[in-house]
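Here are my notes on the model you sent over. Have it open on screen while you read, as I name residues as I go.

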Amino acid sequence: MIDTPVTTAKSLSKVVYNGYCIGCGGCAAVSDGISIEMGPDGQYIPNIDPGAALSEKATFTCPFTNDGPNEDVLGKALFGEACTHDTRLGWYGDLYAGHVAEGCFRKRGASGGVITWIAAQLLESGLVDAVVHVGQSAPTDTKVLFQYSVSRTSAEIVARAKSRYYPIEMSQVMEEVRSKKGRYAFIGLPCFVKTVRRMVEQDPVLKERIAYTIGLVCGHLKSENFSNYLAWEKGIAPGDLEEIDFRIKLPDRRASDYGIYVRSATVESTTPVRQFLGGDWGVNFFRYSACDYCDDVFAETADVAVGDAWLPDYSQDPAGGSVVLVRSKEIANLISQGRLDGSLAFDEITADQMAQSQAGGLRDRRQGLAYRLFLRKRDGIWVPNKRVTPNANVGKKRQKIYRQRLKLRELSHSAWHRARTANSFKMFTDIMTPEVKRMRAYYRRPFITRAVSKLSRLLQGKS
């Protein structure tokens with residue numbers, strides 16, 4: 001039974017209050033009385049009108065309530081007849097690693113240029129009339145740097161390429177989809193695609209118009225303050241950042257050692273990500289709390305999922321490579337034709353290789369998630385249903401790592417507010433640096449192990 005409008009407000013408030021809201025805007029897209037606003041931590045949150053008659057669709061659509069179908073149920077209904085199931089990947093058909101070999105797709109993309117190529121192919125083949133994806137905000141919108149937009153030409157799709165580690169919401173763009181006829185492809189994070197899948201079950205117009213979904217393999221979402229932090233570290237004060245590019249490919253470096261470009265009216269800088277204290281994704285700076293309670297890495301409800309090819313044969317190439325998990329027959333056909341005509345330089349890979357490409361993310365969303373759920377249930381905090389069982393069956397070392405990551409996430413937000421109040425970037429780094437060092441120490445091997453390893457290399461003639 002779906003919640004009544006009265007309990008809808010309580011259900012959504014429970015999600016927000018306990019830190020599970022990802023700010024996707026799905027609830028506002030399907031119900032009056034809800035608006036999406038940027039909160040003090042640089043994250044979108046819903047503003048619920050206490051006097052409004054809310055639609056029960058809002059709680060069904062939210063990806064972190066228990067009222068709608070989960071990834072297993074949605075995936076089986078969408079892909080179960082033609083695909084194989086893997087508990088790590090979800091349902092899958094063809095699996096690839098590689099890059100786009102034609103045009104400027106790879107150069108303009110964050111990794112192999114695959115998402116942009118697929119979106120352009122869907123448009124050019126007539127399978128869709130437009131693509132809903134994230135791009136730079138309009139020059140007239142000075143509140144946020146990025147937002148969902150609709151591209152209706154291949155040139156627009158290419159212009160909006162690249163990863164955006166930045167909060168976005170979909171309520172406004174869904175109004176455009178409703179108001180303008182056509183077939184659309186939607187690109188988003190796993191939780192956003194799940195929201196859309198739940199949403200279309202409640203909205204026949206959207207169900208007719210959203211023809212394909214393209215998912216990004218996901219580590220976690222960052223708040224707006226992650227961008228401000230990167231800029232401030234390069235001398236651009238909060239509020240003065242005019243442009244940021246999170247993925248600049250640097251020659252003669254590994255694909256993972258990309259650059260970050262920031263620009264203000266007086267400062268312009270490109271810096272390797274590893275030089276930033278918070279550049280390591282594992283230290284969790286400005287991570288959404290909701291991301292700590294997500295179990296979907298490979299966008300399990302999307303027609304195709306694309307991520308970075310963090311595999312030995314591909315990660316050394318600074319031009320970037322992608323892993324591609326295909327579930328849709330039509331997209332599979334586009335990729336097969338691209339391989340035949342040389343547009344795509346793709347190698348077939350196994351499910352194990354696909355999982356290995358995101359080994360850290362999967363460990364965090366399985367073992368780490370189980371431990372975080374255990375901690376919350378132990379403390380009497382409500383948690384949404386997940387596909388892993390809450391437990392503390394991890395070693396002491398991993399427990400320390402997961403607790404420290406939680407601390408770093410929470411501390412990054414509070415330290416940021418303190419630093420902003422004091423107008424001191426040094427205050428932020430003084431607070432965060434010791435905690436980052438503490439976490440990194442957990443990964444170090446014991447001295448005797450390091451000594452034995454070094455001696456072994458010397459005996460083998462290695463430096």
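1. First, the vocabulary. A residue is called buried under 20% relative accessible area, exposed over 50%, and partly exposed in between (1.4 Å probe, protein chains only). By that yardstick, 55% of the 463 residues in the chain are buried.

2. A word on what we're looking at. This is a predicted model, with local features needing pLDDT of at least 70, side-chain atom pairs counting only at pLDDT 80 or more, and totals for chains, interfaces and linings using all residues. Residues are numbered from 1 along each chain as its sequence is written, and side-chain values use heavy atoms, with hydrogens and water left out.

3. Overall build. The chain has 17 helices and 15 strands; these are DSSP runs numbered from the N terminus (helices: H or I, at least four residues; strands: E, at least two). Its C-alpha trace spans about 65 × 55 × 50 Å along the principal axes. The radius of gyration is 22 Å, which agrees with the value near 23 Å for a compact globule of 463 residues. That radius is taken over C-alpha atoms, and the globule rule is 2.2 Å times the number of residues to the power 0.38.

4. Contacts. Count a contact when heavy atoms are within 4.5 Å. Of the contacts between residues at least 6 apart in sequence, 70% join residues at least 24 apart.

5. Surface and charge. About 20,500 Å² of the chain is exposed, and carbon and sulfur atoms supply 50% of that; areas come from the Shrake-Rupley method with a 1.4 Å probe, and for residues only the protein chains shown count as cover. There are 63 positive and 51 negative side chains, with the centres of the two sets 9 Å apart. Lys and Arg count as positive and Asp and Glu as negative, while His and the chain ends are not counted. Each charge is placed at NZ of Lys, CZ of Arg, CG of Asp or CD of Glu.

6. Salt bridges. How many does the structure hold? There are 33, where a salt bridge means a side-chain nitrogen of Lys or Arg within 4 Å of a carboxyl oxygen of Asp or Glu. One network links Arg 287, Asp 292, Asp 364, Arg 365, Arg 372, Arg 405, Arg 409 and Glu 410.

7. Asp 317 and Arg 106. Their closest N and O atoms are 2.9 Å apart in a salt bridge. This pair links distant parts of the chain, 211 residues apart: Asp 317 is in the loop between strand E13 (304–308) and strand E14 (322–326), Arg 106 in helix H5 (residues 105–108). Asp 317 counts as partly exposed at 31% relative accessibility, and Arg 106 is buried because its relative accessible area is 17%.

8. The loop by Ala 319. Ala 319 also lies in the loop between E13 and E14, and is partly exposed at 26%. Which residues does Ala 319 touch, leaving aside neighbours within four places in sequence? They are Arg 106, Ser 111 and Lys 249.

9. Two other bridges to click on. Arg 152 and Glu 176 meet at 3.7 Å, N to O. Arg 152 sits in the loop between strand E7 (146–151) and helix H7 (154–159), and Glu 176 in helix H8 (residues 171–179), so the bridge ties together parts 24 residues apart in sequence. Glu 348 and Arg 339 pair at 3.6 Å, N to O; Glu 348 is exposed at 60% relative accessibility, whereas Arg 339 is partly exposed at 32%.
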